[in-house]
Amino acid sequence: MRRSLLTLLAVFLAALSAAYAQQKAAENRLSLSLSHARLDSLVSRIEAQIPVRFYYDATSFDSLDVDLNVSNIPLDQLLDQLFRNTAFHYAIDADGNVFLTKGWTIQTGLAPAVSNQLDSARRTSIRFGEEKNARHKESSESKLYDIGPRTNTFAPGKAVISGVVRNARTGEPIANVVISPEPPGMATVTDRYGYYSISLPRGHHTLNVQGLGLRDSHFQLMLYSDGKMDMDLREQVTTLREVIVSSQKTLNVNRVQLGVEQLNIQQIKQVPTVMGEADILRVVLTLPGVKSVGEASTGLNVRGSSADQNLILFNDATIYNPSHFFGFFSAFNPEVVKGVELYKSSIPAQYGGRVASVLDVTAREGNKKEFTGSAGIGLLTSRVTIEGPLDKDKTSFIAGGRATYADWLLNLLPQEYKHSKASFSDFNLLISHNINEKNNLYLSGYLSNDRFNLNSDTFYKYGNRDLNIKWKHTFSNKVTGAYTLGYDRYQYNISSDGNPVNGFKLSFDINQFNLKADHTWYLNARNTVDFGLNSIRYILHPGNYEPYDTSSLVTPNKMQPEYGQENAIYVSDRITVNPVFSVVAGIRYSLFGYLGPHTENLYPEGQPKTVLDQIGTAYFAGGKLIKTYQGPEYRLSARYALTNSFSIKAGYNSLRQYTHMLSNTTSMAPTDIWKLSDPHIRPQLGDQLSLGLYKNMASNTIETSVEVYYKHLHDYLDYRSGATLILNPHIETDVLNSKGKAYGVELSIRKTAGHLTGWLSYTWSRTFLKTDDPTAGEIVNHGNWYPADFDIPNDFSAAINYRLNHRFSISGNFLYYTGRPITLPIAEYYYANSARVLYSDRNAYRIPDYFRTDLSLNLDGNYKVHQRTHNSWTIGVYNLTGRKNPYNVYFLSENGGINGYKLSIFGSAIPFINFNIRF
């Protein structure tokens with residue numbers, strides 16, 4: 001009997017609350033006139049007149065045409081008139097929130113079972129330094145948080161709130177989350193560690209918190225003084241009937257930097273790739289301004305750059321060769337990756353050492369709440385990942401490994417490759433430890449190995465070794481620091497023992513020891529200062545050629561090691577002049593020293609460098625400074641917001657690069673050699689100007705951008721005809737310092753919400769080189785500009801995903817680009833009683849254009865929460881049309897004539913299937 005009475009009372013109170021809400025809405029009367037307007041215009045007018053707030057899915061109301069002329073009527077009567085004889089409905093709760101829906105109605109009153117459990121205490125106090133108390137577990141939006149000691153009145157001035165934004169399910173910090181006050185003012189964005197700091201006037205505030213793939217959240221707080229507030233955000237689970245769509249996800253418009261591309265792992269996994277495994281670099285190649293010289297090549301050419309001009313980082317470790325298995329797979333295990341950022345211009349001052357771009361790949365920290373894992377099996381590879389807490393909510397780990405079993409595929413190739421072998425493996429380990437609220441430790445390790453031979457007795461091995469440890473310290477709620485100590489190594493080995501007499505071993509490696517100190521100072525609401533320093537110690541072994549064993553008669557040849565020291569300091573300031581105009585200004589000063597022990601070749605000043613003209617050598621002892629290069633690097637970008645969804649940006653970068661990749665191939669290869677700048681080979685210098693327009697549409701669910709750029713390069717390395725790059729003690733005689741210029745326009749459109757998502761991009765660009773130094777000894781193309789090997793004028797790509805329902809989606813990938821330049825034989829002539837070949841000017845012709853279509857079907861398992869495993873399948877076809885795209889065109893002298901051939905990597909459609917399991 002008592003339970004029945006309580007139930008009846010709860011129902012009565014809920015009905016009374018709904019009636020009160022309707023009465024409260026009726027007390028506020030509206031007068032407005034609109035003709036053929038959109039719903040968002042009506043909502044803005046209403047919210048400006050009366051204290052209500054609207055929630056709705058903007059895409060569901062695209063067809064609604066608002067035509068109203070009303071005077072002094074309540075809100076409910078206005079909405080009744082607007083939605084009469086339509087499928088649209090509305091509901092108003094007791095707090096003045098208005099929910100608009102299509103085809104169904106929201107019940108604003110509480111169900112009896114919920115009412116019986118309602119806790120009357122809705123206020124939580126937070127004191128400075130009591131970070132754990134700020135962790136809202138449930139109903140965070142219904143609570144009012146006190147920041148600082150509570151007082152009867154608010155002191156004048158501002159106070160600072162700081163904290164960490166984490167994933168509520170895994171406990172991992174979340175980067176690039178936008179935190180903005182309401183009404184809109186000075187917003188902030190979390191850094192890569194999830195940390196934020198924002199300065200606000202003391203008093204009542206509502207913080208809107210939004211992030212990609214996360215539920216939009218709103219936090220009510222009373223700000224009395226400086227304090228800390230951690231936030232736990234939940235992932236966004238896409239439903240068939242969404243109610244709330246944020247209208248403030250405008251990071252691409254509001255961010256000051258231009259030429260920045262961001263991808264999360266969910267977007268990456270939707271793009272079909274060869275053999276079906278998610279491939280980070282393949283997806284990056286679909287972005288505007290990013291190209292590759294051919295299929296099965298993971299070298300990136302960004303805005304007219306060569307592959308070595310891009311800095312590729314994985315958790316702050318430098319990756320020199322980011323590919324596996326002849327370039328078919330990237331070096332990054334998708335199961336441990338959290339996100340990817342590509343800086344094509346407006347490169348932050350903390351990065352240096354390359355003149356084109358920075359690709360920063362960050363890994364997840366691992367689940368701090370519970371043990372989970374995933375595994376996958378495909379036609380060529382298998383992978384497994386395990387993560388979980390070592391100490392719950394304090395220490396976590398994530399470990400992942402991949403391996404391949406590809407010999408069966410090589411056996412399907414033509415007879416000359418039937419006995420080939422190839423394999424690769426990689427392993428990742430990351431440990432995150434929260435010492436206390438001010439200190440965190442991170443350990444990151446990466447190991448990769450590749451091994452192959454192509455139907456011969458010559459074996460190739462190469463791999464990366466990376467290890468670093470990072471300490472992040474919070475000095476105050478305004479100043480944070482991150483200190484990293486790391487070691488990176490890339491090496492390759494070639495060996496042959498088929499003929500014992502000629503058996504050999506050839507090895508190369510590059511090692512670097514890194515020390516970084518990065519700081520962020522949230523000076524005030526208008527200024528965020530980044531400053532720090534970094535130091536890199538290089539040790540290179542350019543080549544060691546030796547007998548395979550005692551029976552070999554090969555003469556040993558060991559190149560001299562190279563040593564270098566690169567140091568840099570930087571400072572930059574993100575200045576918010578006002579809500580519509582922001583600037584990022586920075587300077588980086590780098591200093592490079594080429595060190596002994598080393599014996600340098602000497603040549604006459606002002607004369608071409610040739611082996612015959614060498615006049616002697618000079619020996620420098622260990623640690624002796626041989627040559628120094630130094631100079632400033634400027635970083636400047638600005639944004640002006642024309643409207644809330646439309647901005648214009650401009651930027652300028654200058655960069656220096658003290659390392660060079662020596663390669664006789666257009667794309668990256670395992671046998672590429674790296675070289676330090678020395679007295680003969682100067683550093684590469686790059687300057688870039690950029691201008692961009694950014695516009696969001698359809699409630700910020702469609703992002704569009706147009707960017708133009710012009711880049712100038714100094715001392716880019718090109719090569720003499722017939723240059724020898726391996727085991728060459730006089731390498732300076734075979735390289736040419738060239739000038740370069742690149743310019744182009746990039747267009748992009750991206751859809752981020754709805755059943756259909758993805759992006760389209762088109763790039764028109766040109767890249768030219770010029771070698772006209774009279775002291776070089778060789779003039780290329782008569783000193784005129786000629787296309788670089790990676791000059792690709794037209795590039796169109798599309799990555800599309802259509803979600804049919806919760807479990808089924810279709811993904812498509814479409815690529816077209818102009819064929820790359822090539823130098824061809826154009827005539828035959830006789831000289832000294834023998835036939836000779838006359839070649840065209842350098843890169844005067846092009847290989848055929850490239851076109852490819854990929855398609856995949858993604859099938860997810862059911863979404864029951866309480867089950868041991870969650871399974872999914874990916875089934876698709878790579879190169880759906882079976883087009884024989886050319887990787888290269890080459891010519892051979894055969895039977896007294898010259899015959900041309902076209903090499904295709906994938907000349908037919910390739911089906912694939914992958915099974916994935918999470919536990």
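**Strand pairing, cores and cavities in the predicted model**

Strands E29 and E30 form a hairpin in which 4 residues lie between the two strands, and Asn455 in the turn has a positive phi of about 50°. The structure described here is a predicted model. E29 covers residues 439-453 and E30 covers residues 458-474; the two pair in the antiparallel sense over 12 bridges. Within this pairing, Arg451 stands opposite Lys461 in E30. E30 is also joined to strand E31 (residues 479-496), again in an antiparallel arrangement, by 17 bridges. A hairpin of 4 residues makes the connection from E30 to E31. In this second pairing, Trp471 stands opposite Tyr483 in E31. In a regular strand, the side chains alternate between the two faces of the sheet.

For the chain as a whole, the secondary structure comprises 8 helices and 58 strands. Of its 919 residues, 52% count as buried. Among the contacts with a separation of 6 or more, 65% are accounted for by residues 24 or more positions apart.

An open sheet of 5 strands was identified, with the order E16-E23-E24-E19-E20 and mixed pairing. Its edge strands are E16 (260-264) and E20 (317-318), each of which pairs on one side only. Inside the sheet, strand E23 (residues 337-343) runs antiparallel to strand E24 (residues 357-363), and 6 bridges join them. Val340 stands opposite Val361 in E24.

Val340 also enters the description of Ile265, a residue of helix H6 (residues 265-269). The C-alpha atoms of Ile265 and Val340 are 8.0 Å apart in space, although the two residues are 75 apart in sequence. Once neighbours within four places in sequence are left aside, Ile265 is in contact with Pro334, Val337 and Lys338. The relative accessible area of Ile265 is 9%, and Ile265 is therefore classed as buried, the cut-off being under 20%.

The largest nonpolar core contains 48 residues, and Phe325 and Leu662 have the most contacts inside it. Strand E32 gives the most to this core, with 4 residues. The surroundings of Leu662 include residues of several kinds: not counting residues up to four places away in sequence, Leu662 touches Asp672, Ile673, Lys675, Leu717, Tyr719, Leu725, Ile731 and Val735. Apart from the largest core lies another core, of 31 residues, which includes Val271, Ala331, Leu359 and Tyr446.

Internal space was examined next. The structure holds 8 cavities of 30 Å³ or more. The largest cavity encloses about 260 Å³. It is lined by 21 residues, and those closest to its centre are Leu311, Leu313, Thr318, Gly352 and Ile536. Two or more residues of this lining come from each of strand E19 (310-314), strand E32 (504-522) and strand E33 (527-547). The greatest contribution is that of E33, with 4 residues. By residue class, the lining of the largest cavity divides into 6 nonpolar, 9 polar and 6 charged residues. Two strands of this lining appear elsewhere in the description: E19 belongs to the open sheet of 5 strands, and E32 gives the most to the largest nonpolar core.

The second largest cavity has a volume of about 160 Å³. Its lining consists of 14 residues, and Leu285, Ser292, Leu815, Tyr817 and Arg852 lie nearest its centre. At least two lining residues are supplied by each of strand E17 (290-291), strand E49 (808-817) and strand E54 (850-860). E49 provides the largest share, 3 residues. The residues around the second largest cavity divide into 5 nonpolar, 4 polar and 5 charged.

Terms used: Residues numbered from 1 in each chain as written. Predicted model: local features only at pLDDT ≥ 70, side-chain atom pairs only at ≥ 80, totals over all residues. Heavy atoms only, no water. 1 Å grid on protein atoms, 1.4 Å probe; cavity = no way out; pocket = protein on both sides within 12 Å on 5 of 7 lines; lining within 4 Å. Points joined across faces, edges and corners; volume = space filled by probe spheres on them. Nonpolar A, V, L, I, M, F, W, Y, C, P; charged D, E, K, R; others polar. Core = buried A, V, L, I, M, F, W, Y, C linked by side-chain atoms within 4.5 Å. Buried < 20%, exposed > 50% of the residue type's maximum accessible area, 1.4 Å probe, protein only. Contact = heavy atoms within 4.5 Å. Pairing = 2+ DSSP bridges.
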